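Thanks for coming. I will talk through one structure, starting with its cysteines and then moving to the ligand and the core.

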Amino acid sequence: MKINQKNSSGLGLCSGGLDSILSGLVLREQGLHVEWVAFETPFFSSDKARKAAAVTGIPVTVQNITKPYLTMLKAPNCGYGKHMNPCLDCHALMFRMAGEMMKAKGFDFLFSGEVLGQRPMSQTRPSLRYVEKQSGFDGYIVRPLSAQRLEETIPEKEGLVDREALLGITGRSRKAQMQLARDFGLTDYPAPAGGCLLTDKGYANRLKDLFACQDQYSENELHLLKHGRHFRINADAKIVVGRTKQDNEQMERYIDPAVDVVLKVRNFPGPLVVIPNGADKYTVLLAASVCAMYSKAPADRSVQVKVISSKGREDVTVSPLAPEVVSKYLIH
Ligand code: SF4
């Protein structure tokens, strides 16, 4: 049944994974105009979605949603998955924001590459329903890969989307998607899973620590959680120590010279150390001793450490701290 299909258009959520790529291609195959929106935060990027757009020619709009995302992340209605991943409320928020964009830009419906039964938490039938209801756009979310196994949506009922040309894929096997990819001539697509730091144990622990100690955090601080070893000194102060040269380089990108304190050992190779938002003099000296401990300076010698803050630069002389003292501050 194709009643009004000719001019209809869909706006899809795109993670850049194979399923979201296929969802766009399946709809485009039936002559619909499709575009994507990709959301980014410090926890997940839009890089794969941009690549998917380049490979398929489907336009993508990228939007940073860190602020509303953090509000949701602090108290998700359905709680967290294994770590700090609030998958159901994450999807609901994304569909709500995509729905606002759908209305503003005149699209007829939303779509995504979700597959019924593929993920134990977020892609069960009740989970998909929860997301629809919470999004505020119940009935307008088409899931082209599983549509024939789901309730008919409003755009399908209205003939804007041809239900018969949608698919009925379910479950965890990816065979059907791989066959579909071959049918569409897709060879270069990312491996499934991965990419969301909220599912990473180490990152989640560092984030929990930040939430426990601060009410406000900059995006830089959230990015900084990805790099280095993190030591919680007290409720007001934390030390971040680069592990590798690459870590040091990445950390430099997220330093805010207006508020952060940066330390580096003089005369010996050593890590970059950052105190986000600065700290009192005692903590700066402690950070200098930690910095010395992780440097190549001999453990039994006093070491000069350069301290850079918005107030200027100074050198402090410290002894490297004993590893067993340092380890008690480590956020695991
Ligand atoms: S894995 Fe991360 S990005 Fe994906 S739904 Fe869960 S919280 Fe959202």
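A disulfide is a covalent bond between the sulfur atoms of two cysteines. For counting, a pair of cysteine sulfur atoms has to lie within 2.5 Å. What you see here is a predicted model, and it holds zero disulfides.

Why does cysteine 78 have no bond to cysteine 87? The closest cysteine sulfur to that of cysteine 78 is the one in cysteine 87, and it is 11 Å away, so the two are too far apart for a bond. Cysteine 78 is partly exposed, at 34% relative accessibility. Cysteine 87 is also partly exposed, with a relative accessible area of 22%.

Cysteine 87 brings us to the ligand, since Cys87 is one of the residues around it. The others in that shell are Phe44, Tyr69, Asn85, Pro86, Cys90, His91, Cys196 and Thr199. Which helix gives the most to this shell? That is helix H4, residues 87-105, with three residues. By type, the shell has six nonpolar residues, three polar and no charged.

Now the core. In soluble globular proteins, nonpolar side chains tend to be buried together. The largest nonpolar core here has 36 residues, and those touching the most other members are Phe39, Phe43, Tyr69, Leu73, Leu110, Leu207 and Leu222. H4 gives the most to this core, with nine residues. Apart from this core lies another, of 27 residues, including Val284 and Val307.

Last, one residue up close. Leaving out residues up to four places away in sequence, phenylalanine 39 touches Leu13, Phe44, Ser45, Gln63, Ile65, Met94, Met97 and Ala98.

Conventions: Residues numbered from 1 in each chain as written. Predicted model: local features only at pLDDT ≥ 70, side-chain atom pairs only at ≥ 80, totals over all residues. Heavy atoms only, no water. Near = heavy atom within 4 Å. Helix = DSSP H or I, 4+ residues; strand = E, 2+ residues; numbered from the N terminus. Nonpolar A, V, L, I, M, F, W, Y, C, P; charged D, E, K, R; others polar. Buried < 20%, exposed > 50% of the residue type's maximum accessible area, 1.4 Å probe, protein only. Core = buried A, V, L, I, M, F, W, Y, C linked by side-chain atoms within 4.5 Å. Contact = heavy atoms within 4.5 Å.
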